[in-house]
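Student: I have a two-chain model open and would like to talk through how it is packed. Shall we look at it together?

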Amino acid sequence: MNVSKQFHNRIFLRICLFVIAFIWCVGFISPVFFKSINILAASYPFTKRIYSIVCHQIGAKTFSINNNNFLVCARCTGIYSGALIASLASLFYLSFNPRNNNLLLYSLIPLLLDVLFTTAGLYHYSKILAMATGLFFGSVSFTYILNILENNLLTEKNGY
Amino acid sequence: MDTKKILPSFVCGFGAAVVSTVPGIKNIGCCLIVPAATLIALFLDEKINHSDLKINLKKALAFGILTGIFAAFFSTIFDLLLTFISHTNDYVEALPQTESLIKSYKLDPLFDQTISMLDAMAKQIKVSGFSPLYTFMIFISNIFIDIVFGIIGGLLGMSYLNKRK
């Protein structure tokens with residue numbers, strides 16, 4: 001397989017992942033577009049149900065724009081936004097591999113500590129902090145997933 | 001695939017369903033429950049089968065899908081059971097708010113069908129504790145989302161566990 005085709009496969013995979021992350025993120029901020037796109041408002045019960053599987057959706061812990069709450073909490077917003085930002089960045093930076101073996105674990109630590117401390121009542125829940133910890137974990141997770149997919153899908157079959 | 005290989009996914013899928021049903025724990029675990037369950041399933045599989053080999057993509061995906069299926073299956077069962085006993089659930093309780101939100105956007109009359117369908121489901125749940133359409137809706141959404149998040153957990157688990165070797 002020539003280098004050009006290998007390059008295109010790699011880019012294609014990254015574009016696919018970006019599109020998936022983008023659609024997922026648009027889905028949870030869809031209440032913001034209810035006024036302009038009516039069909040989204042009609043599908044609200046179903047989209048709310050879908051996102052309720054992966055998030056508690058507590059109103060006080062979610063971001064809102066014009067009183068329209070997102071369908072996931074601030075932490076989940078951070079995780080998914082992190083993945084979206086990382087997927088976008090991966091389109092421009094081809095050498096997008098995690099160097100540190102334990103980075104995934106390290107990225108999870110701030111998130112878990114924030115959950116632990118807010119649950120224990122050491123400090124009040126902060127949407128910004130929750131989002132920031134989620135953002136870090138989401139972006140690192142994406143790089144690992146991309147790395148795994150590229151190393152296995154493109155390397156084994158195509159000798160890339 | 002023999003029982004020994006399915007068992008970790010079964011146990012972890014069941015655990016994920018239990019954890020995601022308990023309200024307090026769900027608030028903490030959020031979207032990490034099913035991915036974490038898949039990672040634990042991969043870890044348990046290594047321990048049960050005394051495997052020192054690196055996990056390949058096929059195995060990670062298989063574990064993700066299986067754990068997702070089991071988690072979705074048991075989540076649906078628990079949801080249906082609680083709904084059947086209590087004749088109410090989050091959906092029924094949130095419906096008036098949902099309806100008022102949809103109505104506030106003054107949508108086409110065509111969308112009245114959506115509202116009447118939602119009402120019919122809620123009425124069935126209140127009367128008999130069971131709605132076939134609601135069951136179908138939650139099962140399909142659970143299975144789709146749990147499999148996707150299971151796969152994500154499988155990939156992350158594969159990456160993490162392989163790098164430990």
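Student: Which residues have the most contacts inside the largest nonpolar core?
Tutor: Happy to start there, keeping in mind that this is a predicted model. The largest nonpolar core has 59 residues. Those with the most contacts inside it are Val54(A) and Cys76(A).

Student: And which element gives the most to this core?
Tutor: Both chains have elements that give two or more residues to it. From chain A these are α1, α3, α4 and α6, and from chain B α1, α3, α4 and α7. With 10 residues, the element that gives the most is α6(A).

Student: Leaving aside neighbours within four places in sequence, what is Val54(A) in contact with?
Tutor: In its own chain, Val54(A) is in contact with Cys76(A). From chain B, its contacts are Cys30(B), Cys31(B), Ile145(B) and Phe149(B).

Student: How do the residues on the side of chain A that touches chain B divide by type?
Tutor: The contact takes 28 residues from chain A and 28 residues from chain B. On the chain A side, α2, α3, α4, α5 and α6 each supply at least two residues, and α6(A) gives the most, with six residues. By type, the chain A side divides into 18 nonpolar, seven polar and three charged.

Student: Good to know! Where in chain A is confidence highest?
Tutor: Chain A has a mean pLDDT of 87, and 94% of its residues reach 70 or more. Confidence is lowest in α2(A), at a mean of 75. At 95, it is highest in α4(A).

Technical notes
Residues numbered from 1 in each chain as written. Chains lettered and ligands numbered in written order. Predicted model: local features only at pLDDT ≥ 70, side-chain atom pairs only at ≥ 80, totals over all residues. Core = buried A, V, L, I, M, F, W, Y, C linked by C-beta atoms within 7 Å. Buried ≥ 20, exposed ≤ 12 C-beta atoms within 10 Å, placed from the backbone. Helix = DSSP H or I, 4+ residues; strand = E, 2+ residues; numbered from the N terminus. Contact = placed C-beta atoms within 7 Å. Nonpolar A, V, L, I, M, F, W, Y, C, P; charged D, E, K, R; others polar. pLDDT = per-residue confidence, 0-100.
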